[in-house]
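Good morning, and thank you for coming. Please look first at the sequence and the three-dimensional structure, which I shall now put on the screen.

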Amino acid sequence: MSPPVRQGQRRGTKRRRSATVAGYLFLAPWFIGLFGLVLGPMVASAYLSFTEYDLFTTARWVGLDNYVTILGSDTKFQQSVGVTMTYVLVSVPLRLAFALGLAIVLNRALRGMSFYRSVLYLPSLLGGSVGVAILWRQLFGRDGAVNSFLAIFGIDGPNWIADPDYSLMTIIVLAVWQFEGVSLAV
C-alpha cells in the first residue's frame, strides 16, 4: 500500500507539470523550425540525390549513379570544388589575420578608442549588404574606381568582377574586408 499523498505534494506536481508544458510551448517554434526548415529539407535532399528529378516528372530512383557521375566525369563539379577550396584556404587565414590585426590596434589604450570601436561595429548593425554590393560594383566594375586609378598610369584594368581570372580574388578581398559581418565602410 502506497503512502497517502499530502495536499502540498499535489500542488507541486501540478506546478511542475504546467512549467514543463510551458517549456515545451516555448520550444515549439524552435522544433517546428528545426523539423520544417532544417531536417525536413535535408532528408528530402538526401532522398532526391539518389533520384533523377526535374520538377516536371516524378522522381526516378537511380541509386548511386548521380554520385558516380559527379565524382568521376563531371569537370564542372571538380572545378567548383577547386574554386571553393581556394576561396576557403585563402580567405579564412586572411580574415583571421586581418581581424587579429584590427583587434590589436583597437585594444590599445588611446583617447577616444571606444568611439572608434563603436564606429567600426556600427555597420554590422545596419545590415548594409546591398550598399556593400553597390560600393563593390563601383570600385571593381569595368569603369570602377580601381580601373580609373590604374588608367592614370596607362594600365587598362580588367573587369574585376566579371572576369573569371580575377573574380575569385576580388571576392576574397571582399570577404576579408567584410570580416565577421562587419563591413569597414566608415
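I begin with one residue: does Arg142 count as buried, partly exposed or exposed? At 40% relative accessibility, Arg142 counts as partly exposed. Please keep in mind throughout that this is a predicted model.

Let me now give the overall plan of the chain. There are seven helices and two strands in the protein chain. Followed along the sequence, their order is α-β-β-α-α-α-α-α-α. The chain has 186 residues, and 17% of them are buried. Among contacts with a separation of 6 or more, 40% are between residues 24 or more positions apart.

I turn next to the way the helices pack. Two packed helices are described by the angle between their axes and the distance between the axes. The first pair is helix α3, residues 75-106, and helix α7, residues 164-177. Their axes are 9 Å apart, and the packing angle is about 30°. Angles under 35 degrees count as roughly parallel, and therefore α3 is described as roughly parallel to α7. The crossing of α3 past α7 is right-handed.

Which residues make this contact? From α3 come Val83, Thr86, Tyr87, Val90, Ser91, Leu94, Arg95 and Phe98. From α7 come Leu168, Met169, Ile171, Ile172, Ala175 and Val176. Sorted by class, the contact of α3 with α7 has 11 nonpolar, two polar and one charged residues.

Helix α7 also meets helix α5. Here the axes come within 12 Å and cross at roughly 135°. That angle makes α5 oblique to α7. As α5 passes α7, the crossing is right-handed. On the α5 side we find Val132, Leu135, Trp136 and Phe140, and they meet Thr170, Val173, Leu174 and Trp177 of α7. In the contact of α5 with α7, seven residues are nonpolar, one is polar and none is charged.

I now leave the helix contacts and consider charged pairs. Side chains of opposite charge can pair when their charged atoms come close. How many salt bridges does the structure hold? It holds two salt bridges.

One of these is formed by the side chains of Arg60 and Glu52, with a distance of 2.7 Å from N to O. Arg60 is partly exposed, with a relative accessible area of 48%. Glu52 is likewise partly exposed, and its relative accessible area is 46%.

The other salt bridge brings us back to the residue with which I began. The side chains of Arg142 and Asp156 meet at 3.4 Å, again from N to O. This pair links distant parts of the chain, 14 residues apart. Arg142 is in the loop between α5 (129-140) and α6 (145-152), whereas Asp156 is in the loop between α6 and α7. As I said, Arg142 is partly exposed; Asp156, at 66% relative accessibility, counts as exposed.

Let us stay in this region for a moment. Asp143 also lies in the loop between α5 and α6. Is Asp143 buried or exposed? Asp143 is exposed, with a relative accessible area of 73%. Its C-alpha atom is separated by 9.4 Å from that of Pro158, and the two residues are 15 residues apart along the chain.

In helix α6 itself, I would draw your attention to two residues. Ala145 lies in this helix and is partly exposed, with a relative accessible area of 42%. Leaving out residues up to four places away in sequence, Ala145 touches Gln138 and Leu139. Asn147 lies in α6 as well. Asn147 has a relative accessible area of 7%; buried means under 20%, and so Asn147 is buried. Not counting its neighbours within four places in sequence, Asn147 is in contact with Gly141, Arg142, Gly157, Pro158 and Trp160. Arg142, which takes part in the second salt bridge I described, is thus one of the contacts of Asn147.

My final point concerns the backbone. Most residues other than glycine have a negative phi, and most peptide bonds are trans. What is the phi of Leu55? Its value is near 70°, which is positive in a residue other than glycine. Leu55 is found in the loop between β1 (51-52) and β2 (60-61). At 68% relative accessibility, Leu55 counts as exposed.

That concludes my presentation, and I thank you for your attention.

Key. Residues numbered from 1 in each chain as written. Predicted model: local features only at pLDDT ≥ 70, side-chain atom pairs only at ≥ 80, totals over all residues. Heavy atoms only, no water. Axes fitted to C-alpha atoms, helices over the stretch in contact; angles between N-to-C directions. Helix = DSSP H or I, 4+ residues; strand = E, 2+ residues; numbered from the N terminus. Parallel < 35°, antiparallel > 145°, perpendicular 65-115°, else oblique. Left-handed = near helix turned anticlockwise from the far one by under 90°. Contact = heavy atoms within 4.5 Å. Nonpolar A, V, L, I, M, F, W, Y, C, P; charged D, E, K, R; others polar. Salt bridge = Lys/Arg side-chain N within 4 Å of Asp/Glu carboxyl O. Buried < 20%, exposed > 50% of the residue type's maximum accessible area, 1.4 Å probe, protein only.
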